[in-house]
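Reader: I have a new model open on my screen and would love some help reading it. Could we go through it together, one question at a time?

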Amino acid sequence: MDRKFIEKFNASLPRLGYGCMRFPTKDGKIDFEYSKKLIHYAYDNGINYFDTAYNYHGGESEILLGKVLTDFDRQSYFLTSKLPVWKVKEEGDAEKLFEEQLKKCNTEYFDFYLLHSLNKKSIERVEKFNLYDFILKKKNEGKIKNIGFSFHDNNEVLQKFASAHKWDFIQLQINYWDWEENDAKSLYETLENLNIPCFVMEPVRGGFLASFAPHAMKRFKDCHPDQSIASWALRWVASLPNVALILSGMSNMEQLQDNIDTFTGIKAITGDEQKVIDEVIEDLRKIKPVPCTGCRYCMDCQFGVDIPGVFEIYNDYKKFQNKDIAKQSYFTDMNEEKQGGGCQKCEECVPKCPQHINIPEELEKIHKEMLAI
């Protein structure tokens, strides 16, 4: 790890952190034994940074970590969680939520703690209830070691809020697709200019950059036959000098092992490799899939539409061009009320989407296209 980051955090973080939003599930709940196996394997292979949040897996993620991480010395790993800003409705709520999280995580302190998923609107709530002062107070009490926030808005909002307070780190969605398409480059450069370490979420964009149209993937495979598609995205992010940590939500052993292999002796993206990535981006631009990461912030829909489910089926169809599988997934495996045709265009989901997707418009388009294939 770069010396400047070691000095900043008074510790050496792993390059790869475990994002705890996508653990394997069974019957709608976290598969405890399999998830425990993944956590132990990650820890044994040098991944000792675990990033959770109040709402991940409906609250189960924090509880899981609270049970499993007790298998390890508390000084040997980094535990991160986030304050659910949207749940703070009155004075005192932040304190109650924070104490609840400490209890669920079975810990006396968090190594890193964030104000969760900030945008212009939620920042108003942060300021109204003095939430920066709250987490700073907890830091001074020793219950938080490093404070930051995760962010989903434009660069103007980021510049203003990041400059208004002292931050140890800020977490951004950075990947080679969003770099130009959604102006992630400007967000990253703002942190660089402010000398604030960047923690990266969604480096593979919720799996979007792990598998896509065969003709685009072929470019990567022709260059490095033995490397996974996801490894390109991870190496690209790791090549950015102000990136201190990269989070990946690893749902199975195959993903975990592949990521560990990628970060073992990891090398920066070369100029020739960047040209290949640029060609892949052009290929993907022509496909125009919906940029949904499956975060589920848009849910639940009051009319029962499975918004991320619809987008996932559609993206798979556009990327893999298999009509039979698309029709099976959409019309047979998915109940009618969950399909895009059930959207009533109330638009309650629109401001909740970190990717700024016009959800009703996309659902209508997808439903019509599915009916036509």
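Reader: Is Asn130 buried, partly exposed or exposed?
Author: Happy to start there, keeping in mind that this is a predicted model. Asn130 sits in the loop between helix H5 (120–128) and helix H6 (131–140). Its relative accessible area is 42%. Buried means under 20% and exposed means over 50%, so with 42% Asn130 is partly exposed.

Reader: How far apart are the C-alpha atoms of Asn130 and Glu91?
Author: Along the chain, Asn130 and Glu91 are 39 residues apart. In space, their C-alpha atoms are separated by 9.1 Å.

Reader: How many disulfides are found in the whole structure?
Author: Take Cys20 as an example: its nearest cysteine sulfur belongs to Cys105 and lies 9.4 Å away. A disulfide needs two cysteine sulfur atoms within 2.5 Å, so Cys20 is in no disulfide. For the whole structure, the search gives a count of zero.

Reader: Which is buried and which is partly exposed, Cys20 or Cys223?
Author: The cut-off for buried is under 20% relative accessible area. Cys20 has 1%, so Cys20 is buried. Cys223 has 32%, so Cys223 is partly exposed.

Reader: Which helix gives the largest share of the largest nonpolar core?
Author: That core has 90 residues, and those with the most contacts inside it include Ile174 and Tyr176. Ile174 touches residues including Trp236 and Val237. The largest share of the core, eight residues, comes from residues 229–238, helix H11.

Reader: How many residues are in the second, separate core?
Author: Val290, Tyr314, Cys353 and Ile359 are among its members. The full count for this second core is 21 residues.

Notes:
Residues are numbered from 1 along each chain as its sequence is written. This is a predicted model: local features need pLDDT of at least 70, side-chain atom pairs count only at pLDDT 80 or more; totals for chains, interfaces and linings use all residues. Side-chain values use heavy atoms; hydrogens and water are left out. A nonpolar core is a set of buried Ala, Val, Leu, Ile, Met, Phe, Trp, Tyr and Cys residues joined through side-chain atoms within 4.5 Å. Buried means under 20% relative accessible area, exposed over 50%, partly exposed in between (1.4 Å probe, protein chains only). Helices (H or I, at least four residues) and strands (E, at least two) are DSSP runs, numbered from the N terminus. Contact means heavy atoms within 4.5 Å. Lists of a residue's contacts leave out its neighbours within four places in sequence.
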